[in-house]
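Thanks, everyone, for making the time. I would like to use these few minutes to talk about salt bridges, and I will go through them one pair after another.

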Amino acid sequence: MFASLRVRNYRLFFTGQVISNIGTWMQRIAQDWLVFTLSGNNPIALGIAVALQFTPTLFLSLWAGVLADRVDKRRLLTWIQVAACSQAAILGVLDITGLVALWQVYVLCFTLGITASLEVPTRQSFVAEMVGRDQIANAVALNSSIFNMARIVGPAIAGFAITWIGTGWLFIANALSTVAVITGLVLMNPDKLFRVAAVPREKGQLAEGLRYVRRRSDLMTVMVLVLFVSTFGITYFSSLPIVAANVFHTAADGYGLLSTLVAVGTFTGAVMSARRGTKGRPRVRLLLVSAFFLGVFELITAFMPTYLTFGLGLIPLGFATMTFLNTANALVQTSVSPEMRGRVMGLYVLVLIGGNPIGGPMVGWMADQFGGRSPFYIGGAVSAVAAVVCAVVLIRRGGVSWPVKRGLGLRVLKRAKV
């Protein structure tokens, strides 16, 4: 399960991420609650903040992938982390001094989105350089495990800390936690990286990456499914403060507990993915199944009557979500040519995060018009249907094998395994 941690460079990265991700999730909870408070518990304001944070991805993630193929990824990541540290510190100072206003949070959400649109494709493609191709799936899953461990610890701390010390000090804590990532990157041994020769600057490199994906039916399936699930299904993360405050009438600690319960499921899913990551490349079949059950669990959770049952329903939902995301990421990373990895990951990040400028306001609007539960049952239905449609298309094209009933037994279609 921990095979990739034998690599020193990855251990340094992993350690920094453990610390930084806790700070990131503390900031995420604090930021959502700050927006919700400054706007007078307005769901639409929260949707606007989400949209501003993810809009830059629409315009920059593809070019960030091109940039990642051209330059030293370790140095680029270092400067990106410095920028993220500065943004968190500014927001913390504004909040602590009482000068913070909603428009300032909006501006910082937008600048944070610019930083993230550059950081995510670079970080995703840098994983392969740290551990090599054979350990990519395991390293991707371990990254997710620490991300989701932080989702357990961070919201739990934030939910209670907000009621004790306010949101401002959580932004400062996140700024300090980012120093751990910067330190790990600086201490790495560049000679031990599994580097691919930098792609020389040429015209048409972005279009070349898009054509590469278009010719691959397996990659196209991943991209289309991730687009629908992330835009409509996984937006439930943004719905949690709305459900906590407007449906179950709890305070920040209630929101923090719901986020923690989601994280219990996602952490478990990430650990299981790490175990699978030592057994070779994942299959598209697992991607389709996990997307379908993500939708089913989201639908079930939407109709849970009490705060307790709703929270418990978030655990299997989180498990299915992380299985889906890890499988999609590992499929993309392990199936692309090394010289194309940055550009393909840029497109992957675009479809993963790029729908949030639509999904964020949509969640706020649906919650305002149809109630706080509506994003769950609508998003669940869309995710389940998208998984079924993608499965049908792939089966008809012979791109995936699937068990089919015949009499009392099962027959496996002898198709090309993807």
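What follows is a short walk through some of the salt bridges in this chain, and please keep in mind that the model is predicted.

The structure holds 5 salt bridges, and I will speak about three pairs, including one between Lys73 and Glu129, where the closest N and O atoms are 2.9 Å apart. That pair links distant parts of the chain, since Lys73 sits in helix H3, residues 73-96, while Glu129 belongs to helix H4, residues 102-131, and the two are 56 residues apart. As for their surroundings, Lys73 is buried, and Glu129 is buried as well.

Staying with helix H4, we come to Arg123 and Glu119, which form a salt bridge whose closest N and O atoms lie 2.6 Å apart. Here both partners are in helix H4, with a spacing of 4 residues, or about one turn of the helix. Glu119 has a relative accessibility of 10%, and because the cut-off for buried is under 20%, Glu119 counts as buried.

Let me then turn to Glu208 and Arg343, a salt bridge in which the closest N and O atoms are 3.3 Å apart. Glu208 lies in helix H7, residues 205-214, and Arg343 in helix H13, residues 341-353, so this pair ties together parts that are 135 residues apart in sequence. So how exposed or buried are the two partners? Glu208 is partly exposed, its relative accessible area being 33%, whereas Arg343, at 6% relative accessibility, counts as buried.

Terms used. Residues are numbered from 1 along each chain as its sequence is written. This is a predicted model: local features need pLDDT of at least 70, side-chain atom pairs count only at pLDDT 80 or more; totals for chains, interfaces and linings use all residues. Side-chain values use heavy atoms; hydrogens and water are left out. A salt bridge is a side-chain nitrogen of Lys or Arg within 4 Å of a carboxyl oxygen of Asp or Glu. Buried means under 20% relative accessible area, exposed over 50%, partly exposed in between (1.4 Å probe, protein chains only).
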